[in-house]
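Trainee: Before we begin, could we go through how each label on this model is justified, setting the values against the cut-offs?

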Amino acid sequence: QVQLVESGGGLVQAGDSLRLSCAASGRPSSNYAMGWFRQAPGKEREFVSRINWSTGTTYYAASVKGRFTISRDNAKNTVYLQMNNLKPEDTAVYYCAVLRWYSDSIVDYWGQGTQVTVSS
């Protein structure tokens, strides 16, 4: 069993930056990825970014590419999401996840979520 604990959300203004962190306890099976999803009010949960844990290969949704950067600290079992130039449309609950390394949608574990609110 893997538990994920997110931190770093908050209320910021448009153009500001935030860094989300997600610490994993327990180790998933080999060949996995960790990533982030988000869910805005009234909308479905959507993929944001993932990083292949063994290779460091990264993937991004088109809406965040160039503004968000995902990274990992293998020693700490922690994944980060650096969010720059935030926009009001980035407002959502952000969820950390353990995914299959080959997929943006097959999730094995979820975190509890952290709120990010961007004011205009």
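Trainee: What makes Asp108 count as buried, partly exposed or exposed?

Mentor: This is a predicted model, and in it Asp108 has a relative accessibility of 37%. Buried requires under 20% and exposed requires over 50%, so Asp108, at 37%, counts as partly exposed.

Trainee: How do you know that Arg100 and Asp108 form a salt bridge?

Mentor: The closest N and O atoms of Arg100 and Asp108 are 2.9 Å apart, and because the criterion is a side-chain nitrogen of Lys or Arg within 4 Å of a carboxyl oxygen of Asp or Glu, the pair is called a salt bridge. Arg100, at 32% relative accessibility, is therefore partly exposed as well.

Trainee: Why is Arg50 called buried, and what is the label for its salt-bridge partner Asp104?

Mentor: Arg50 has 5% relative accessibility, so with the limit for buried set at under 20% it counts as buried. Asp104, at 32%, lies between the two limits and is therefore partly exposed. The closest N and O atoms of Arg50 and Asp104 are 2.3 Å apart, and this pair links distant parts of the chain, with Arg50 in strand 5 (residues 46-52) and Asp104 in the loop between strand 9 and strand 10, 54 residues apart.

Trainee: What makes the contact between Arg38 and Glu46 a salt bridge, and which label does each residue receive?

Mentor: The side chains of Arg38 and Glu46 meet at 2.7 Å, N to O, which is within 4 Å and therefore satisfies the criterion. Arg38 is buried, with a relative accessible area of 6%, whereas Glu46, at 35%, counts as partly exposed. Salt bridges that share partners join Arg38, Glu46, Arg67 and Asp90 into one network, and a search of the whole structure finds five salt bridges.

Trainee: Why is the link between the side chains of Ser17 and Asn84 called a polar contact?

Mentor: The distance is 2.9 Å, and because a polar contact needs a pair of N or O atoms within 3.5 Å, one able to donate a hydrogen and the other to accept it, the pair qualifies. Ser17, in the loop between strand 2 (10-13) and strand 3 (18-25), is partly exposed, because its relative accessibility is 39%.

Trainee: What makes Tyr102 eligible for a nonpolar surface patch?

Mentor: Tyr102 has a relative accessible area of 49%, and a patch residue needs over 30% and no salt bridge. Tyr102 forms such a patch with Trp101 and Ile106, with about 310 Å² of accessible area together.

Terms used. Residues numbered from 1 in each chain as written. Predicted model: local features only at pLDDT ≥ 70, side-chain atom pairs only at ≥ 80, totals over all residues. Heavy atoms only, no water. Patch = residues over 30% accessible without salt bridge, like charges linked within 9 Å, V, L, I, M, F, W, Y side chains within 5 Å. Areas by Shrake-Rupley, 256 points an atom, 1.4 Å probe, with all protein chains shown as cover. Buried < 20%, exposed > 50% of the residue type's maximum accessible area, 1.4 Å probe, protein only. Helix = DSSP H or I, 4+ residues; strand = E, 2+ residues; numbered from the N terminus.
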